[in-house]
Amino acid sequence: MPANATPIQPVSDRLPAIFAYPAHQAMLWMIAALCALRLLNHLPSLLGLVFELAFWVMGFKLAVEALVNTVHGRFEPMGAEDMMATDGEAVNQILLMLVVFLPIQAIALWGSPVLALWLLGFAVVFLPAAVMLLAVDDSLPRALNPLAWFPLIGRLGGVYFGAVGLLASMVVVSIVLQVLLSMVLPGTMAQLPGSFVSLYLLVAGYHLLGYVIHANHAALGLDVAPAVPRARFANPME
């Protein structure tokens with residue numbers, strides 16, 4: 001590290017800023033706009049599905065942007081006009097989640113709930129590694145390769161498992177809050193705040209993973225100075 005470089009804070013010292021990241025004005029209005037857009041998922045026929053898909057694709061674009069920019073030391077969200085994350089990157093993240101969780105749900109419903117619970121625990125531990133690999137390398141096969149997870153986890157050590165525990169807690173908080181909102185607010189009125197909680201914590205979680213990589217880039221052998229590489233799926237309209 002150069003003599004005039006800003007010292008990298010430990011992840012634990014950075015937690016207040018990590019949780020405040022989605023509350024930055026540039027990010028907060030985009031989250032709020034997406035949550036309002038999601039209300040249109042109640043439209044009939046395929047229109048409702050289109051708006052639901054748009055919500056998640058755009059939500060994961062915000063999350064990927066938070067992760068990759070944080071890896072490269074940019075700790076404040078960019079405005080909508082400066083976002084570079086692509087639909088392809090977001091879709092890959094969604095596909096990763098589907099590949100992991102759909103089989104677990106199928107096993108829970110039609111197979112062994114005990115086996116599904118074990119697989120869920122396995123996913124909780126190793127999915128963050130897959131998310132980081134996918135965001136940085138832009139390769140879904142590599143992200144799904146256990147042989148790529150273990151070197152990453154081994155180099156990060158205890159900080160990785162601390163992040164896993166924190167992410168699991170965030171998911172639990174999100175689920176509990178959404179259940180409570182559905183009990184307190186009638187019908188679709190719970191959807192807006194529930195969507196906000198989900199998206200806020202999703203962005204904060206990806207920002208956390210980005211900072212874990214940034215703070216440990218030397219151990220990972222990563223150069224965080226170059227410009228962020230972008231996915232192959234980008235098109236001029238994006």
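Tutor: Helices here are DSSP runs of H or I with at least four residues, and strands are runs of E with at least two, numbered from the N terminus. The model is predicted, and local features need pLDDT of at least 70, side-chain atom pairs count only at pLDDT 80 or more, while totals for chains, interfaces and linings use all residues. Residues are numbered from 1 along each chain as its sequence is written, and side-chain values use heavy atoms, with hydrogens and water left out.

Student: How many helices and strands does the protein have?

Tutor: Read from the N terminus on, the elements of the protein run α-α-α-α-α-α-α-α-α-α. The count is therefore 10 helices and, for strands, zero.

Student: Among contacts between residues at least 6 apart in sequence, what percentage join residues at least 24 apart?

Tutor: A contact is counted when heavy atoms lie within 4.5 Å. Once the pairs are restricted to residues at least 6 apart in sequence, the share of contacts that join residues at least 24 apart is 75%.

Student: Are H5 and H8 roughly parallel or roughly perpendicular to each other?

Tutor: Helix H5 (residues 113-137) and helix H8 (residues 158-184) have their axes 9 Å apart and pack at an angle of about 105°, the axes being lines fitted to C-alpha atoms over the stretch in contact and the angle running from 0 to 180 degrees between N-to-C directions. Angles under 35 degrees count as roughly parallel, over 145 as roughly antiparallel, 65 to 115 as roughly perpendicular and the rest as oblique. The two helices, H5 and H8, are therefore roughly perpendicular.

Student: How many nonpolar residues are in the contact of H5 with H8?

Tutor: On the H5 side are Val124, Val125, Phe126, Pro128, Ala129 and Met132, and these meet Tyr160, Phe161, Val164, Leu167 and Ala168 in H8. With no polar and no charged residues in the contact of H5 with H8, the nonpolar residues number 11.

Student: At what angle do H3 and H4 pack?

Tutor: The contact draws on Trp56, Val57, Phe60, Lys61 and Val64 of H3, together with residues of H4 that include Asp87, Glu89 and Met97. By class, the contact of H3 with H4 has eight nonpolar, one polar and three charged residues. The axes of H3 and H4 are 8 Å apart, and H3 is roughly perpendicular to H4, at an angle of about 100°.

Student: Which helix gives the largest share of the lining of the largest pocket?

Tutor: The largest pocket holds about 1,200 Å³ of space, and of the 32 residues that line it, the closest to its centre are Met97, Phe101, Leu127, Val171 and Leu202. The lining divides into 27 nonpolar, four polar and one charged residue. Helix H3 (45-71), helix H4 (87-110), H5, H8 and helix H9 (191-215) each supply at least two lining residues, and the largest share, nine residues, comes from H8.

Student: Where does Asp138 lie, and is Asp138 buried or exposed?

Tutor: Phi of Asp138 is near 55°, a positive value in a residue other than glycine. Asp138 lies in the loop between H5 and helix H6 (140-143). Buried means under 20% relative accessible area, exposed over 50%, and partly exposed in between, with a 1.4 Å probe and protein chains only. At a relative accessible area of 13%, Asp138 is therefore buried.

Key: Nonpolar A, V, L, I, M, F, W, Y, C, P; charged D, E, K, R; others polar. 1 Å grid on protein atoms, 1.4 Å probe; cavity = no way out; pocket = protein on both sides within 12 Å on 5 of 7 lines; lining within 4 Å. Points joined across faces, edges and corners; volume = space filled by probe spheres on them.
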